[in-house]
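Reader: I'd love a close look at the nonpolar interior of this one. Could you walk me through how the inside is put together, and how far to trust it?

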Amino acid sequence: MSDNPSSDTPNSDSTVTPFPTGNPVASEPTPAVTTPEPTDASVSNNSSNADLPEDDVAAINQLGDTYKKLKAELGKVIIGQEEVIEQLSISLFAGGHSLLMGVPGLAKTLLVSSVAETFDLSFSRIQFTPDLMPADITGTDIIQESGVGGKREFEFIKGPVFANIVLADEINRAPAKTQSAMLEAMQEKKVTVLGKTYTLEKPFFVLATQNPIEQEGTYPLPEAQLDRFMFLIELDYPTAAEEGRIARETTGKAPEKLSHLLNGDQIQAYQKLVRRVPVPDHIYDDAVTLVRRTRPNTPDAPAWISELIGWGSGPRAIQNLILASKARAALHGSYMVRREDLLAVAAPVLTHRVIPNFAAESQGMTSKKIVARLLEELDE
């Protein structure tokens, strides 16, 4: 990672290692460049590989195998939460950030740190508190002796944001001034300190956590920052069977060490692969229609939306819907985005981008319920 300002930093996209010709998991043989036997999902959704080069077909096969191995590795330390792991994986391979919301004790922090270990990426944790300052996140210049004639020079000391995966723990406990220090990093993958801009190492993910039950001493995230998160991932309590496993399996021997499946260059290659997954025109149309229906007092919005919504989703929601759908299709071994992919990612993409008004809150209508109703109407 370079300490030089971005003006002296080459474009990182041009230096990314091309997609690995071998399987990213060294212990596994490279799969043949052939189309696998169609699965139930691919048969029912016309997931043809006709629009993909053979190299991409093989790469999607590898990505699907790696995803299965990722779930198996995380299963060594995380019990249950299969949907959460899938959504987090989609976000990572689509190159997006995620906001994890759940009550304490649901292994949010453990999940994030385990993903970083499995991906062989650098990891840092920032505990957001009311007294946290922006420089505590980005870093700052300090005066150091140069060793030449006793001269002193400014030296930039990197903050914890300079990592591949940054866990912003309880991000809503810091005031807006500190929260805003993350905006440039999340959107531009850069940090500006004292007029100098530094490029963050790729891949770069912000995985933030938020406690939904404690409101005292918290600062709600502004809509502009919420919009930077691709997914809002909600963690619920485990089932009775899962809690039984938690009681038996986590109170004995220490958890197993996780295997490294992918490095940073391979993850970036997979992210480029995801962007090449074909999308049928009707999927684009559905994504645009769905997002435009969330905007109150517009011709595309149903009448009930204008009564319940104060603010709807912007164009970034459409981009995230398509990218997340592509990533989900690739993770499930499909060579084309299917409608079920779009429907599966719609709730985590839209829920935090739909802001209910007072009338909705008085009726018990949450963002989640509103998005669910929109999805039902999309099928009609």
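Author: Among contacts between residues at least 6 apart in sequence, 77% join residues at least 24 apart. Bear in mind that this is a predicted model. The chain has 380 residues, 49% of which count as buried, and its secondary structure comes to 16 helices and 11 strands.

Now to the interior itself. The largest nonpolar core takes in 76 residues, and Leu-111, Phe-119, Leu-321 and Ile-370 have the most contacts inside it. Helix α13 gives this core its largest share, 10 residues. That helix, residues 315–331, also has the highest mean pLDDT among the elements of the chain, at 96.

Ile-370 is a good place to zoom in. Leaving aside residues up to four places away in sequence, Ile-370 touches Trp-304, Ile-305, Leu-308 and Ile-309, along with Val-354, Pro-356 and Met-365. Apart from the largest core lies another one, of 29 residues, with Ile-126, Ala-174, Val-191 and Leu-221 among them.

As for the outside, the chain exposes about 18,300 Å², and carbon and sulfur atoms supply 51% of that area.

And how far to trust it? The chain averages a pLDDT of 82, with 83% of the residues scoring at least 70. At the other end of the scale from α13 is helix α1, residues 40–44, whose mean pLDDT of 37 is the lowest among the elements. Over residues 1–50 the pLDDT is below 50, although this stretch has 81 contacts in the model beyond near neighbours in sequence. Where pLDDT is low, the predicted coordinates should not be read in detail.

Methods:
Residues numbered from 1 in each chain as written. Predicted model: local features only at pLDDT ≥ 70, side-chain atom pairs only at ≥ 80, totals over all residues. Heavy atoms only, no water. pLDDT = per-residue confidence, 0-100. Helix = DSSP H or I, 4+ residues; strand = E, 2+ residues; numbered from the N terminus. Contact = heavy atoms within 4.5 Å. Buried < 20%, exposed > 50% of the residue type's maximum accessible area, 1.4 Å probe, protein only. Areas by Shrake-Rupley, 256 points an atom, 1.4 Å probe, with all protein chains shown as cover. Core = buried A, V, L, I, M, F, W, Y, C linked by side-chain atoms within 4.5 Å.
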